[in-house]
Amino acid sequence: GFSYSDGRDSRDGGVVAERITTELVKLKKFKVIERIEDYSNAIEINLKDDGSYYNRGIIYMGKGEYDKALNDWNMAIKLKPELQTKIQPLIDAIKD
C-alpha cells in the first residue's frame with residue numbers, strides 16, 4: 001500500500017468511500033440544480049410545455065419544495081387535464 005500525506009494508509013477504505021460519497025452528493029446537487037434550470041428554460045421557450053412543468057415538479061418534490069411542486073403540477077394539469085390521474089397520487093403523497 002501507500003500512505004497519504006496526512007499519514008492515512010491506502011487500505012483505509014472508509015476514508016476513500018467517504019470522499020467518494022461527498023463528491024457524489026456535490027455532483028447530484030449540481031445535477032438537480034442544472035435540471036431545474038433546464039426545465040425552467042424549456043418552459044420559458046414554450047409556456048404550454050406540460051411535460052416540463054410535471055418533471056420540474058418531480059424534482060421540487062424530491063427537494064422537499066412542495067409548494068413549488070404543487071404549482072408546477074397544477075399548471076401541468078391546467079395545460080393537459082388528462083395528467084390529473086398521473087399527478088394526483090403525487091399531490092396526495094405531499095398532503096399526507
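In this predicted model, L47 has a relative accessibility of 58% and is therefore counted as exposed, the cut-off for that class being over 50%. The residue belongs to the loop that lies between α1 and α2. When residues up to four places away in sequence are set aside, L47 touches Y53 and L79. A further relation in space links L47 with M75, for although 28 residues separate the two in sequence, their C-alpha atoms are 9.8 Å apart.

The loop that holds L47 is part of a chain in which four helices and zero strands are found, so that, by the way such elements are assigned, the order from the N terminus reads α-α-α-α. Of the 96 residues in the chain, 25% count as buried, and the accessible surface comes to about 6,800 Å², with 55% of this area belonging to carbon and sulfur atoms. Among the contacts between residues at least 6 apart in sequence, 32% join residues that are at least 24 apart.

In soluble globular proteins, nonpolar side chains tend to be buried together. The largest nonpolar core of this chain has 17 residues, and those with the most contacts inside it are Y54, W73, A76, I87 and I91. Two or more residues are given to this core by each of the elements α1 (13–45), α2 (50–63), α3 (66–79) and α4 (84–95), and the largest share, five residues, comes from α3. The surroundings of I87 illustrate how core residues meet, since this residue, leaving aside its neighbours within four places in sequence, is in contact with Y54, W73, A76 and I77. Y54 also takes part in an arrangement of another kind, in which the charged end of K86 sits over the ring of Y54 at 4.6 Å from its centre. As for pairs between aromatic rings, the count under the rule applied comes to zero.

Buried positions were also examined in α1 and α2. R56, which is found in helix α2, has a relative accessibility of 13% and therefore counts as buried, the cut-off being under 20%. The side chain of R56 makes a polar contact with the side chain of S40, at a distance of 2.8 Å. Apart from neighbours within four places in sequence, the residues in contact with R56 are I36, Y39, S40, I43 and D72.

One of these partners, I36, lies in helix α1 and, because its relative accessibility is 11%, likewise counts as buried. With residues up to four places away in sequence left out, I36 touches R56, I59, Y60 and K63. The C-alpha atoms of I36 and N55 are 8.8 Å apart in space, while the two residues stand 19 apart in sequence.

S52, another residue of helix α2, is buried as well, with a relative accessible area of 6%. Its side chain makes a polar contact of 2.7 Å with the side chain of D49. Beyond the neighbours within four places in sequence, S52 is in contact with Y39, A42 and I43; Y39 and I43 also appear among the contacts of R56.

Methods:
Residues are numbered from 1 along each chain as its sequence is written. This is a predicted model: local features need pLDDT of at least 70, side-chain atom pairs count only at pLDDT 80 or more; totals for chains, interfaces and linings use all residues. Side-chain values use heavy atoms; hydrogens and water are left out. Rings of Phe, Tyr and Trp (its six-membered ring) pair if their centres lie within 6.5 Å; planes under 30 degrees apart count as stacked, over 60 as edge-to-face and the rest as tilted. A charge sits over a ring if NZ of Lys or CZ of Arg is within 6 Å of the ring centre and within 35 degrees of the ring normal. Buried means under 20% relative accessible area, exposed over 50%, partly exposed in between (1.4 Å probe, protein chains only). Contact means heavy atoms within 4.5 Å. Accessible areas come from the Shrake-Rupley method with a 1.4 Å probe; for residues, only the protein chains shown count as cover. A nonpolar core is a set of buried Ala, Val, Leu, Ile, Met, Phe, Trp, Tyr and Cys residues joined through side-chain atoms within 4.5 Å. A polar contact is a pair of N or O atoms within 3.5 Å; within protein, one must be able to donate a hydrogen and the other to accept it, and residues adjacent in sequence count only if both atoms are side-chain atoms.
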